Amino acid sequence: MDFPDLPFLRTFVTVYESQGVTEAAARLHRTQPTVSYQLRRLEETLGAPLFERRSARLVPTPLADRLFRFLGGFARDVQAVLQGSEEDRPLEIAAVSGFGRYVLFPLLRESESLHRTLTLRYPPAEEVFRQVLEGQVDVGFSFRSTVHPRLTLTPVYEEQLVLVAGRTWARRLRVQEHFQGVPLVTYDEGDYVVGRWLGHHFGRRHPHWYSTAHFEELEEVLEWVAQGRGVAVVPGFCIPKGRGLGVVSWGKPALTNTVHAVQRTQAPVRPAVAELLARLAPPEVRRSRSPRTPTP
């Protein structure tokens, strides 16, 4: 099989994302007949259809789904480099919600060079991996790890997972044996966090606990806990001051969880991404990377 020309691959990626020829043609600055022709040529080269036409929409075939996952953002990366337009588009980031809202957003807000053109999304961890893999974002951040031949994970942050409670529950839970029948306030992506915390403190013999309320974001979780309606396991950086919330500790070493930067292996790294990762590095790492001034 002949390998299809790069413009046809870029056309396919754009049509796949747009789910239609009209929008794809507008994004590519080409005519609709040209886009349709390139798509047909690609299908002829592959020997199979890539889309099914249903009304005004193009529905990807299983082959198209596999091809898009394989390509990721390769075609767009190469095209951007060839056109010299890589820095003209916004910096696109996908980060799990807690880290994105409480760590990444403040850092971006304080940087003049990073927040000029920016898109920041808060998808679940698995969606972070998918968006990076498919080239929808320049970099992702996830508290989970994964092993994939086309993804590179770099540790960038250590968060502490803590049990937070209001005054009443904090007093009751000062003794570890009292952690029975405790109402937990849970949240999206919280199963992983709670599981790690229970395993760290209790091993395999987990005490009885139950979810008394479930929310999408951490802000609502902390409000519920502050009202004394339960406890929660959260990253320590999100606990606000002056709300009557406290961390329950039994003397064990702090439980840390690594946040990774997720990038596509061998993909071009934008200068803005390199700057962002450098700003996330711990101070001692930043110092070690800085040129040393000779001692007089």
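**View 1. Ala165 stands opposite Gly246 in strand β10.** β6 and β10 (residues 246-248) are antiparallel partners, paired over three bridges. (Strands count as paired if DSSP finds at least two bridges between them.) Everything here comes from a predicted model: local features need pLDDT of at least 70, side-chain atom pairs count only at pLDDT 80 or more, and totals for chains, interfaces and linings use all residues. Residues are numbered from 1 along each chain as its sequence is written, and side-chain values use heavy atoms, with hydrogens and water left out.

**View 2. Leu161 has partners in β9 and in β11.** Pro235 in β9 stands opposite Leu161, while in β11 the bridge partner of Leu161 is Leu255. Four bridges join β6 to strand β9 (residues 232-235), and the two run antiparallel. As for the naming, helices (H or I, at least four residues) and strands (E, at least two) are DSSP runs, numbered from the N terminus. Zooming out for a second, the protein has twelve helices and eleven strands.

**View 3. Strand β11 pairs with both β6 and β5.** With β6, β11 pairs in the antiparallel sense over ten bridges; in this view, look for Pro155 standing opposite His260 of β11. Strand β5 (residues 139-142) is also antiparallel to β11, joined by three bridges, and here Gly140 has Val262 as its bridge partner. Why is β11 largely enclosed by the rest of the structure? Because eight of its ten residues are buried (under 20% relative accessible area; exposed is over 50% and partly exposed lies in between, with a 1.4 Å probe and protein chains only). Across the protein, buried residues make up 45% of the 296 residues.

**View 4. Arg270 sits in a loop and is buried.** The loop in question links β11 (255-264) to α11 (271-280). Arg270 has a relative accessible area of just 4%. What does its side chain meet? A polar contact of 3.0 Å joins it to the side chain of Asp138. (A polar contact is a pair of N or O atoms within 3.5 Å; within protein, one must be able to donate a hydrogen and the other to accept it, and residues adjacent in sequence count only if both atoms are side-chain atoms.)

**View 5. Helix α7 has a set of buried residues.** In α7 (residues 125-133), the buried ones are Ala125, Val128, Phe129, Gln131, Val132 and Leu133. Which elements cover them? Among them are α4 (62-71), β3 (91-95), β4 (118-121), β5, β6 and β11. After α7 comes Gly135, whose phi is positive, near 75°.

**View 6. Ser97 lies among the residues nearest the centre of the second largest pocket.** Val96, Gly98, Asp188 and Glu189 share that spot, out of 19 lining residues. (A pocket, found on a 1 Å grid over the protein atoms alone, is an open set of points with protein on both sides within 12 Å along at least five of seven lines; lining residues have an atom within 4 Å of a point.) The elements giving two or more residues to this lining are α6 and β6 (151-165), and α6 has the largest share, with three. By type, the lining divides into twelve nonpolar, two polar and five charged residues. Ser97 itself belongs to helix α6 (residues 97-110) and is buried, at 17% relative accessible area. Leaving out residues up to four places away in sequence, Ser97 touches Tyr122 and Glu217 (a contact means heavy atoms within 4.5 Å).

Terms used: On a 1 Å grid over the protein atoms alone, a cavity is a set of points where a 1.4 Å probe fits but cannot get out, and a pocket is an open set with protein on both sides within 12 Å along at least five of seven lines; lining residues have an atom within 4 Å of a point. Ala, Val, Leu, Ile, Met, Phe, Trp, Tyr, Cys and Pro count as nonpolar, Asp, Glu, Lys and Arg as charged, and the others, Gly among them, as polar.
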